Amino acid sequence: MERTFVMIKPDGVQRGLVGEIISRFERTGLKVVALKMVRPSKEQAMKFYPSDEEWLKTVANKSLSVYKQLNLDPKKDFGTDDPIEIGKKIKEWLAEFLASGPCVAIVIEGNRAIEVVRKIVGATRPYEAQPGTIRGDFSTDSPELANIMKRPLRNLIHASDSKEVAEREIKFWFNENEIYNYKRADENIIYGL
Ligand code: ADP
């Protein structure tokens with residue numbers, strides 16, 4: 001079975017969506033094996049998000065492609081059009097946002113947990129996230145709105161996107177003795193055991 005890491009960000013907690021979000025994972029058959037409320041420091045949040053150029057560029061491009069579509073000048077909101085500098089700025093906003101209130105950290109386990117959780121979470125930019133996904137059902141945010149207000153996209157939730165990332169993120173937030181081994185009552189039926 002695979003494990004993945006999920007974090008309900010301050011907007012999800014403050015909108016009272018913790019139960020709704022967790023139940024969407026549980027109802028697929030995925031199992032919550034660790035859970036706690038945390039308020040990260042900005043430094044901790046900065047360490048949690050990656051710093052490699054590729055990640056910074058990916059994040060920046062989520063704004064740049066929309067700015068291009070809308071014929072907007074990224075220099076106006078970011079003071080630069082360099083993707084790496086833009087990525088760094090977004091990361092800083094993100095770390096400040098995570099530190100702004102309590103978050104809920106969760107480890108989820110099950111068959112193809114990483115992929116299934118990402119599918120339930122939906123696309124990063126809420127305005128294009130599909131209905132039926134958490135982001136699609138509960139948010140509408142977009143880069144041009146977020147960035148003009150110098151903040152990250154309010155998309156409620158973080159979820160690991162690969163095995164390596166999941167392993168690192170689980171270790172980042174949980175000790176081994178905070179992750180539990182137990183059987184769900186419906187496991188035999190879900191997995192045909
Ligand atoms: P995801 O959370 O879907 O895995 P990323 O890892 O690319 O997305 O980005 C991490 C988080 O950074 C996003 O969830 C979002 O809150 C924020 N973010 C990403 N790109 C942008 C952007 N262009 N403008 C503002 N915030 C962004």
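**Ligand environment in a predicted model**

An oxygen atom of the ligand is placed 2.5 Å from an N or O atom in the side chain of Thr-124, a polar contact being a pair of N or O atoms within 3.5 Å. In this predicted model, local features need pLDDT of at least 70 and side-chain atom pairs count only at pLDDT 80 or more, whereas totals for chains, interfaces and linings use all residues. Residues are numbered from 1 along each chain as its sequence is written, and side-chain values use heavy atoms, with hydrogens and water left out.

Arg-135 also approaches the ligand, with a polar side-chain atom 3.0 Å from a ligand oxygen atom, while a backbone N or O atom of Leu-153 lies 3.0 Å from a nitrogen atom of the ligand. The protein covers 96% of the 530 Å² of accessible area that the ligand has on its own, as computed by the Shrake-Rupley method with a 1.4 Å probe.

Of the 14 residues around the ligand (those with a heavy atom within 4 Å of it), Lys-62, Ser-63, Arg-118, Thr-124 and Asn-155 come nearest. The largest share of this shell, four residues, is contributed by the helix α4, where helices are DSSP runs of H or I with at least four residues, and strands are runs of E with at least two, numbered from the N terminus. By class, the shell holds six nonpolar, four polar and four charged residues; Asp, Glu, Lys and Arg count as charged, Ala, Val, Leu, Ile, Met, Phe, Trp, Tyr, Cys and Pro as nonpolar, and the others, Gly among them, as polar.

Overall, the protein comprises eleven helices and four strands, and its C-alpha trace spans about 55 × 35 × 30 Å along its principal axes.

Notes:
Polar contact = N/O pair within 3.5 Å; in protein donor to acceptor, adjacent residues only side chain to side chain.
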